[in-house]
Amino acid sequence: FRARVEAIERRLREDEPQHRAMMHIISDLNEANHRLANHRKAMLHILADYEHDRKCLVHQSGWLDNSRRALLNILKDSHQDRLHLEASRKAMIHIMGDLRDTMAEVERRERELREKQQQLVQAGKLATLGELTAGIAHELNNPLNNIGLFVSNAEDLIRLRNAMQEVRKATEIISHLRMFGRAAPASRELVSVRQVILRALSLINEQLRLREIEVVVALGPEDPVVMGNSIQLEQVVINLLTNARDAMADSPRKVIRISGSVSSEAVEVVFSDTGHGIAPEFVSRIFDPFFTTKEVGEGTGLGLSITYGIINDHGGSIKVTSRVGEGTTFVIRLPRAATLGTEEASAA
């Protein structure tokens, strides 16, 4: 009996480093959640500034239109009455100066609006990361536990190789999470729609599994590409999957279906769920900023608004259909990018 007690104590001492490592990970995650809460507050301030700048831009645009109309009237008067030519010329010079100042102001406002939009997208990504934290922690826990098991029983090269595979898996998860959280560059490149969807699923799949949600992916044999920003498009997919997840919280049947079709000009991706659906009077408002049907504190109402903005910036469209008690379907349509294969087929 004493030998068994000593063996148990020795085993507990060996497991203590792993326990401390897990406690450090949990502490880091709690700190990350606190930082994300601060980011959400900052996001609300950014949106208030964004709305103020938008109203100022509308006012400046109206002023610009009025100046243009005044300039046209002056030009007409100068042709009709030569006596007023000098006065009209002076007035025109003043108006042109005002016009240049107004144009410069409009350009400055447009630059500020673009910066605010980028900050808004980044804040939305950070809010999404906060929601993904629990699932990522659980997903990292599995390879870390497996590593401990493999190393403690490392009697041959095969077990060590299995441990290294789990290390690479955990590293890929962390690297992908860091890349998703960075501010996305404004550059565009050829992006595989299939890879965007699969990478988004890798981040949120654990949450869906824990909620017993079945995901059916039927994208077809083709692998179409679009010209865009992969991180922003990945955020679109995560936002739609998160909405579907929340909509099916009380559904007896929980299924998300992702399907796709390709034409010569566009790529279409359909996201369907078996959730509670959206009431008809709310369907036309779901892409409005801050609009949400969730309880207070459970959503910011920005996910679908950001999604709409990203798809619109990529020259695409997003539509929604829903039936209460049956589910909701989002249809995304993006312009298809020409690749070497499609160009040769078109030439033939």
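**Exercise 1. Is Arg245 buried or exposed, and which residue does Arg245 meet in a salt bridge?**

Step 1. Arg245 has a relative accessibility of 7%, so Arg245 counts as buried (buried is under 20% relative accessible area, exposed is over 50%, and partly exposed is in between, using a 1.4 Å probe and protein chains only).

Step 2. Now look for the partner: Arg245 forms a salt bridge with Asp246, with the closest N and O atoms 2.9 Å apart. The rule here asks for a side-chain nitrogen of Lys or Arg within 4 Å of a carboxyl oxygen of Asp or Glu.

Step 3. Asp246, at 28%, is partly exposed.

A quick word on the source: this is a predicted model, where local features need pLDDT of at least 70, side-chain atom pairs count only at pLDDT 80 or more, and totals for chains, interfaces and linings use all residues. Residues are numbered from 1 along each chain as its sequence is written, and side-chain values use heavy atoms, with hydrogens and water left out.

**Exercise 2. How many salt bridges are there, and how far apart in helix 1 are Glu31 and Arg35?**

Step 1. The count comes to twelve salt bridges.

Step 2. One of them joins the side chains of Glu31 and Arg35, at 3.2 Å from N to O. These two sit four residues apart in helix 1 (residues 2–80), which means about one helical turn separates Glu31 from Arg35. Helices are DSSP runs (H or I, at least four residues), as are strands (E, at least two), and both are numbered from the N terminus.

Step 3. Check the surroundings: Glu31 is partly exposed at 43%, and Arg35 is partly exposed at 44%.

Step 4. Try another bridge, Glu326 with Arg323, where the closest N and O atoms are 3.8 Å apart. Here Glu326 is exposed at 51%, and Arg323 is exposed at 57%.

Step 5. Bridges can share partners too: Asp53, Glu105, Arg108 and Arg109 are joined into one network that way.

**Exercise 3. Which residues do ring pairs link into a cluster?**

Step 1. The whole structure holds two aromatic pairs. Rings of Phe, Tyr and Trp (its six-membered ring) pair if their centres lie within 6.5 Å, and planes under 30 degrees apart are stacked, over 60 edge-to-face, and the rest tilted.

Step 2. Phe287 and Tyr308 make a tilted pair, 5.4 Å centre to centre with 40° between the planes. Phe287 is in the loop between helix 6 (280–283) and helix 7 (303–313), and Tyr308 is in helix 7, so this pair ties together parts 21 residues apart in sequence.

Step 3. Phe287 is buried at 16%, while Tyr308 is partly exposed at 41%.

Step 4. Phe287 also pairs edge-to-face with Phe330, at 6.4 Å centre to centre and 75° between the planes. Phe330 lies in strand 7 (residues 327–335), so this pair ties together parts 43 residues apart in sequence.

Step 5. Put the pairs together: Phe287, Tyr308 and Phe330 form a cluster.
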